[in-house]
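This report describes aromatic contacts and the surroundings of a ligand. The structure is shown first, and the description follows.

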Amino acid sequence: MKDISQLVRPNIAALQPYSTARDEYKGELGILLDANENPYDNGINRYPSTALKEQLRSRVAALKGVAPERLFLGNGSDEAIDLCYRVFCEPGRDNAVIMAPSYGMYSVCADINNVERRMVLLEPETFALPVEKMLGAADSNTKLMFICSPNNPTGNAFAVSEIERLAVAFGGILVVDEAYIDFSGKPGVLQLLEKYSNLIVLQTLSKAWGMAGLRIGLAMASPYIISIFKQVKYPYNIGTDTIALALEKLNGDIAPQVAEIVSERDRLAAELPSAGCVQKVYPSDANFLLIKVTDPRGLYNALLEQGVIVRDRSRVALCEGCLRITVGTPAENIKLEKCIYSYE
Ligand SMILES: *Cc1c(COP(=O)(O)O)cnc(C)c1O
């Protein structure tokens, strides 16, 4: 096991975290005169209760098959991405190795935190993980390495064995973003958590679980890393109503929706290549397809005119000519197909 405490910024390791009124008194009964709240009950006049947040943490941990002390709940995955930089990277000195093309927030958070980013391109066309190149880009100041699997926007998932090679060989923190794992037939890397103390796995309730509007992201890692995240995050980072609604929605069964989205994805992937303007549909393990077309801007605008909004990725390195299309409902997908087929 690697000694992760050596990777934490010294000021964070020495931090005396803010202690909230409800950290000191966790109960909800009694006369609460400790937090300067409005005493008149309107359902949300109290700061979020620790017990309720712990209930959500236990529920999500059970769902993911990890111990609750290995789970951090953030204000979206984006909070967890930012925390990775704030906890591990000394601004102006440390750096992060980031695979590209991928999710933009790894780069934006690096820039916000004044952390140098070292972008490593995936293999062209196959979008395979360039394991050796990523390791080669790292030096003794590389604290973070970001990979995304299944990857946004290319859609492919990487083999666990490839990701494990990075976890073994990289001396810093390996962050694996699995926002789309629920749509993938391939296994994710949660199974590696207990083996690698330098691994952080990000997931989210925003995609398959249908709660993008709630803003709840998951970071799963060693209990040590999670304890530091909890010290650095804003107090009460998830609101009472958000927690309550998430608990309610987690009782639902998303399997039928996920199955339909996956079957619609595979249907679109099989059918779209017969459209004249479609040159290639890249294989996808996610809920979107990356397609290469003859005239991306033209098709984008034609779709827009029909009220169909997709994502133009044609100016992204290795995605030249490509649009990214989220799989919708069957009716939405039929409309999409009609527009694409009729585009000359
Ligand atoms: C959509 C997405 C997320 C989700 O972010 P939230 O802040 O949890 O909504 C995370 N990572 C990737 C790669 C995504 O595409």
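## A charge over a ring

In this predicted model, Arg324 places its charged end over the ring of Phe288, at 5.7 Å from the ring centre.

The ring of Phe288 also pairs with that of Tyr180: the centres are 5.1 Å apart and the planes stand at 80°, so the pair is edge-to-face. This pair joins distant parts of the chain, since 108 residues separate Tyr180, in the loop between strand E5 (173-177) and strand E6 (199-204), from Phe288 in strand E9 (residues 288-293). Tyr180 and Phe288 are both buried.

## Other aromatic pairs

Across the whole structure, 7 aromatic pairs are found. One of them is formed by Tyr106 and Phe146, which are stacked with 4.8 Å from centre to centre and 15° between the planes. Here too the pair links distant parts of the chain: Tyr106 belongs to helix H5 (residues 105-112) and Phe146 to strand E4 (residues 142-148), 40 residues apart.

Both Tyr106 and Phe146 are buried. Through ring pairs, they belong to a cluster with Tyr85 and Tyr103.

## Surroundings of the ligand

The ligand is surrounded by 14 residues, of which Asp177, Tyr180, Thr204, Lys207 and Arg215 come nearest. By class, this shell has 5 nonpolar, 5 polar and 4 charged residues.

A side-chain N or O atom of Asp177 lies 2.6 Å from a nitrogen atom of the ligand. Oxygen atoms of the ligand are approached by polar side-chain atoms of Thr204, at 2.6 Å, and of Ser206, at 2.7 Å. Of the 390 Å² of accessible area that the ligand has on its own, the protein covers 94%.

Methods
Residues are numbered from 1 along each chain as its sequence is written. This is a predicted model: local features need pLDDT of at least 70, side-chain atom pairs count only at pLDDT 80 or more; totals for chains, interfaces and linings use all residues. Side-chain values use heavy atoms; hydrogens and water are left out. Rings of Phe, Tyr and Trp (its six-membered ring) pair if their centres lie within 6.5 Å; planes under 30 degrees apart count as stacked, over 60 as edge-to-face and the rest as tilted. Helices (H or I, at least four residues) and strands (E, at least two) are DSSP runs, numbered from the N terminus. Buried means under 20% relative accessible area, exposed over 50%, partly exposed in between (1.4 Å probe, protein chains only). A charge sits over a ring if NZ of Lys or CZ of Arg is within 6 Å of the ring centre and within 35 degrees of the ring normal. A residue is near a molecule or strand if one of its heavy atoms lies within 4 Å of it. A polar contact is a pair of N or O atoms within 3.5 Å; within protein, one must be able to donate a hydrogen and the other to accept it, and residues adjacent in sequence count only if both atoms are side-chain atoms. Accessible areas come from the Shrake-Rupley method with a 1.4 Å probe; for residues, only the protein chains shown count as cover. Ala, Val, Leu, Ile, Met, Phe, Trp, Tyr, Cys and Pro count as nonpolar, Asp, Glu, Lys and Arg as charged, and the others, Gly among them, as polar.
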